[in-house]
Amino acid sequence: MKLFKIIYVVSLLALAVTAANSQSPSKVIGQANKALGGEKAIKAVTSWRRIGKITRISDGATGSYSETAAGGDLYSRKYDLNGFEVESGFNGKSGWIRDSKDGLRTMTGDAATDFQAETLYRNTRWLKSKDQKAKLTTGGTTNFNGRSANVIYLTTAKAVRIKLYFDSATGLLLREEIPQSPTVSEYEFSDYKMTNGILAPYSIKYKVAGETYEVTLDEVKYNQSAAKSTFDFPKLTLEPLPNIPALLDEIRANAEKVADILENYSYTETRIDRDLNADGDFIQKSSEKRLLTFYKGNRISRTIEKNGKPLSASDQAKEDRDIEKQIAEIEKKLAEKERKLNENNRVSSGVVGQPKDDGKRITIADALKGSLLINPRRERFRGRNVIVFDYEPDPAFKPQTRNEKLFALFTGAVWVDVLTKQVVRLDAVLTKSTGNFIAKAKRGASFSLENELVNNEIWLPSQADINLSIKILFFGIDINNLIKYGDYNRFETEVRDVKVGEQSKP
């Protein structure tokens, strides 16, 4: 028993010592800013470029190395090893990678999220973490290459966690660990030299995918203009690309067909509400699973689970009442539609035109109406041939509606299946805050949608990721949702053609 007490006391003492030695994130970052040349000098940097030589330790292969960041959301890294080229970049809309073995491809999924997070970090370091809804948390102190180091975690709003090691004595950055799905890249920095009033490391040890590289820089430049082509997709293929406006017309035409097919499907939608806690950990706050099906050709929604569990008896009763309400609303609308149809039939002169469709479905092609479509390229996605293109706001576009005004503020990328002419993936980021004094969505809001081919006939949503901040009057609301779709079940029905009073077929 005494032994257990001794172990317990020693453990408490160890925790107390660790807590005492570790500094707050703000203090560590403040020390780092001062060591590098001062926060004002660092914030004044709007672009930078590193040029040097790279060596792969395993076989001694050597080549040139360059790295560039600019504009807050542009980044490029390029090197060659005895003629084998590796290049990656983020052009403000999408990330890409190219090498001499696998060619050029657009990043998607975790790889895209990780690289975008690295791009923002390379441009702004930790200086805009608050604006970017990222959290800085302490990781205590550790021994790094015989030196005491303060560890800080920078966790982005999309749960990308970057681990930083700062020299406890000098405040200089010693090491970075940056997720690069499916692995983690490690960077070690040394040989700091003063460059235009800022200390910059001229020696970098880079570890990724089991390989170690040493980079020796010849020069570091700040605030020099960089050509846009530095970050854009390389033009590597001579294969002709389709006319993008014509492709959008095909997508728009197919959208109605897709909507008709979708009306033969029931499916589930699981909405997961997520957030970063005080420690920078990504946590699931709540979840709700709903079943979407039809009643007389109209979509109805029923909650079937909350937080991964079936509904309680009281919640089930409430849901039943809600379904009854939805059905009553559908019956009311059908009766009103029948009444108007009968009135029109009694009109003895003139031609009755189509009623105005106030609830017109907005397609992705419509949403891109106010965008410039750039960087078209051919790629493979989920085993399919696709056309990928980026989009950005068209300054010459004059929006006519509220929706057009909103959509024209987004930038991102679109993936289109070559065979079906359907969108299979979409990434979107809000370029500027929009709204009024009552409610406003903040710049940087992001949305991504990924579809899956169901029954080899239609691309339907598989997952959506929503991340935005909304200010309503004097209150701020952060929304971080992951929506998963599934359990698609096709059924045959004639309910859309059944008149009121007739029985629908099973």
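This passage describes the aromatic pairs, the charges placed over rings and the nonpolar cores of a predicted model.

A search of the whole structure returned 12 aromatic pairs. In one of these, the rings of W96 and F233 have centres separated by 5.7 Å and planes inclined at 40 degrees, so the arrangement is classed as tilted. W96 belongs to strand β5 (residues 95-99), whereas F233 is located in the loop between β13 (211-222) and α5 (244-262), and the pair therefore ties together parts that lie 137 residues apart in sequence. With a relative accessibility of 0%, W96 counts as buried, and F233, which has a relative accessible area of 4%, is likewise buried.

A tilted geometry is also found for the aromatic pair formed by F381 and W415, in which the centre-to-centre distance is 6.5 Å and the angle between the planes is 40 degrees. Because F381 lies in strand β18 (residues 371-381) and W415 in strand β20 (residues 410-417), this pair ties together parts that are 34 residues apart in sequence. Both F381 and W415 are buried. The ring of W415 additionally has the charged end of R425 over it, at 5.3 Å from the ring centre. A comparable placement involves R50, which lies over the face of W48 at 4.6 Å from the centre of the ring. Elsewhere, Y65, Y79, Y187, Y206 and Y213 are linked into a cluster through ring pairs.

Y79, a member of that tyrosine cluster, also appears in the largest nonpolar core, which comprises 45 residues and in which Y79, Y121, W126 and F166 touch the most other members. The greatest contribution to this core comes from strand β12 (residues 198-208), which supplies 7 residues. When neighbours within four places in sequence are set aside, W126 is in contact with I29, A32, N33, L36, Y121, L154, L164 and F166; Y121 and F166 thus recur here, having been named with W126 among the residues that touch the most other core members. Apart from this core lies another, of 33 residues, which includes I244, L248, F389 and A428.

Helix α5 contains K257, a residue that counts as exposed because its relative accessibility is 53%, above the 50% cut-off for that class. The C-alpha atom of K257 is separated by 9.5 Å from that of I458, although the two residues are 201 residues apart along the chain.

Notes:
Residues numbered from 1 in each chain as written. Predicted model: local features only at pLDDT ≥ 70, side-chain atom pairs only at ≥ 80, totals over all residues. Heavy atoms only, no water. Phe/Tyr/Trp six-rings, centres within 6.5 Å; stacked < 30°, edge-to-face > 60°. Helix = DSSP H or I, 4+ residues; strand = E, 2+ residues; numbered from the N terminus. Buried < 20%, exposed > 50% of the residue type's maximum accessible area, 1.4 Å probe, protein only. Lys NZ or Arg CZ within 6 Å of the ring centre and 35° of its normal. Core = buried A, V, L, I, M, F, W, Y, C linked by side-chain atoms within 4.5 Å. Contact = heavy atoms within 4.5 Å.
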